[in-house]
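This report covers strands, salt bridges and one pocket. Start with the view below.

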Amino acid sequence: MKYDVLKTIDCKQGAVRAVRFNVDGAYCITCGGDKKLKLWNPHTSLLLKTYGGHGSDVLDACGSCDSSFILSGGSDKTVIVWDVSTGQPIRRLRGHASRVTCVRYNEESTVAFSGSHDNTVMCWDIKSRSNEPIQVLREAKDSITYMQVTNEEILTSSLDCSVRFYDIRKGQITEDFVGEPVTCVNFTRDGQCILVSATDSVIRLFDKTSGELLNEYSGHKTDLVQAEVVGKLVHDEGRTRPIHSLSVHPTAPFLLSASGGSIKLWGTPSAENEEENA
């Protein structure tokens, strides 16, 4: 399947640190070096709202399961819960000793999770009025770079070259040593495997249960069966600026990428026509 650039949006918020689809893929959130978040309809390039309240760069964000709230974290060491409609911050959670690199909700958006350069993951009860975390995960020996969370599992990556899988139901932790600083980690769609990206530009596929290394891929965009590059998407032709954030649509064949101060929506024209007519 060939992906084309469907939309290019100049976000006008300095460097875009991260871009994230919301739960149904109708909207996206951009995190800026200008201390702000912006909510967009990426299919029409329409800016819906701007959220200001962080004291420094916003590094990550995610929407709640009903798209009523946004969770964000930044270089100011703060986690903020935002009301989407009013644009106002309704909770400021302070506890990290360094910048907050990644934030996630659980599936029901009742608990928030934040990972930081202080080597910890903090868990926050959003429904209570307490400003103290309900749990702090301290197993990492270096910065937390990425997280994935379900109601039963927490998956984290760290610059200490390890991936950690927390089984909440069993109260168990599994640690896999990758051998290189880990920059990103994700469950596969079927939940049976873990994809790991490291600083050596290799993507590794692990079995979630056994920890067995199933395959390694180089070239960034790969076919999971044959380990071959099947396509390359060039964000800015003729420029060498890195693409520092990707977000995959939850159901449809769309991809968001962020580089410099802009984001691009990738997909097929037929899929875009279906989206516009929905």
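Strands here are DSSP runs labelled E of at least two residues, numbered from the N terminus. The model is predicted. In these terms, Ile134 sits in the loop between strand S12 (121–125) and S13. Ile134 is exposed, with a relative accessible area of 54%; the cut-off for exposed is over 50%. Ile134 and Met122 are twelve residues apart in sequence. In space, their C-alpha atoms lie 7.7 Å apart.

## Strand S16 and its partners

How many of the six residues of S16 are buried? Six of six are buried, so the strand is mostly covered. Buried means under 20% relative accessible area. In a regular strand the side chains alternate between the two faces of the sheet. Both faces of S16 are covered. Ser162, Arg164 and Tyr166 are buried on one side. Val163, Phe165 and Asp167 are buried on the other.

S16 pairs with S15 and with S17. S15 and S16 run antiparallel and are joined by five bridges. Ser157 has Val163 in S16 as its bridge partner. The two strands, S15 and S16, form a hairpin with three residues between them. In that turn, Cys161 has a positive phi of about 75°.

The pairing of S16 with S17 is also antiparallel, over six bridges. Phe165 has Thr174 in S17 as its bridge partner. This hairpin leaves four residues between the strands. Gly171 in the hairpin of S16 and S17 takes a positive phi near 65°.

## Salt bridges

The count comes to ten salt bridges. Three of them are listed here.

| Pair | N to O distance |
|---|---|
| Glu153 and Lys208 | 2.7 Å |
| Arg164 and Glu175 | 3.2 Å |
| Glu216 and Arg204 | 3.6 Å |

Take the salt bridge of Glu153 and Lys208, at 2.7 Å from N to O. Glu153 lies in strand S15 (residues 153–158), and Lys208 in the loop between strand S20 (202–207) and strand S21 (213–218), so the pair ties together parts that are 55 residues apart in sequence. Are Glu153 and Lys208 buried or exposed? Both are buried.

Next come Arg164 and Glu175, whose side chains meet at 3.2 Å from N to O. Arg164 is in strand S16 and Glu175 in strand S17, so the salt bridge ties together parts eleven residues apart in sequence. Arg164 is buried because its relative accessible area is 1%. Glu175, at 45%, is partly exposed.

The side chains of Glu216 and Arg204 also meet in a salt bridge, at 3.6 Å from N to O. Glu216 belongs to strand S21 and Arg204 to strand S20, so this pair ties together parts twelve residues apart in sequence. Glu216 counts as partly exposed, with 41% relative accessibility. Arg204 is buried, with a relative accessible area of 8%.

Salt bridges also link Arg20, Asp60 and Arg104 in a network.

## The sheet of S6 to S9

Four strands form an open sheet in the order S6-S7-S8-S9. Their pairing is antiparallel. Which strands stand at the edges? They are strand S6 (58–63) and strand S9 (89–94). Each has a single partner strand, so one side of each is left without a neighbour in the sheet. Neighbouring strands of this sheet are turned by 20° against each other on average, direction ignored.

S6 and strand S7 (residues 69–74) pair in the antiparallel sense over five bridges. Gly63 stands opposite Ile70 in S7.

## The second largest pocket

Rolling a probe the size of a water molecule over the atoms shows where empty space is left. The second largest pocket holds about 240 Å³ of space. Strands S11 (111–116), S13 (135–137), S16 (162–167) and S17 (172–177) are the elements that each give two or more residues to its lining.

The lining of this pocket has 14 residues. Which of them lie nearest its centre? They are Gln135, Leu137, Ile154, Tyr166 and Ile168. By class, the lining residues divide into nine nonpolar, three polar and two charged. Tyr166 also appears among the buried residues of S16.

How values were computed
Residues numbered from 1 in each chain as written. Predicted model: local features only at pLDDT ≥ 70, side-chain atom pairs only at ≥ 80, totals over all residues. Heavy atoms only, no water. 1 Å grid on protein atoms, 1.4 Å probe; cavity = no way out; pocket = protein on both sides within 12 Å on 5 of 7 lines; lining within 4 Å. Points joined across faces, edges and corners; volume = space filled by probe spheres on them. Nonpolar A, V, L, I, M, F, W, Y, C, P; charged D, E, K, R; others polar. Salt bridge = Lys/Arg side-chain N within 4 Å of Asp/Glu carboxyl O. Buried < 20%, exposed > 50% of the residue type's maximum accessible area, 1.4 Å probe, protein only. Pairing = 2+ DSSP bridges. Axes fitted to C-alpha atoms, helices over the stretch in contact; angles between N-to-C directions.
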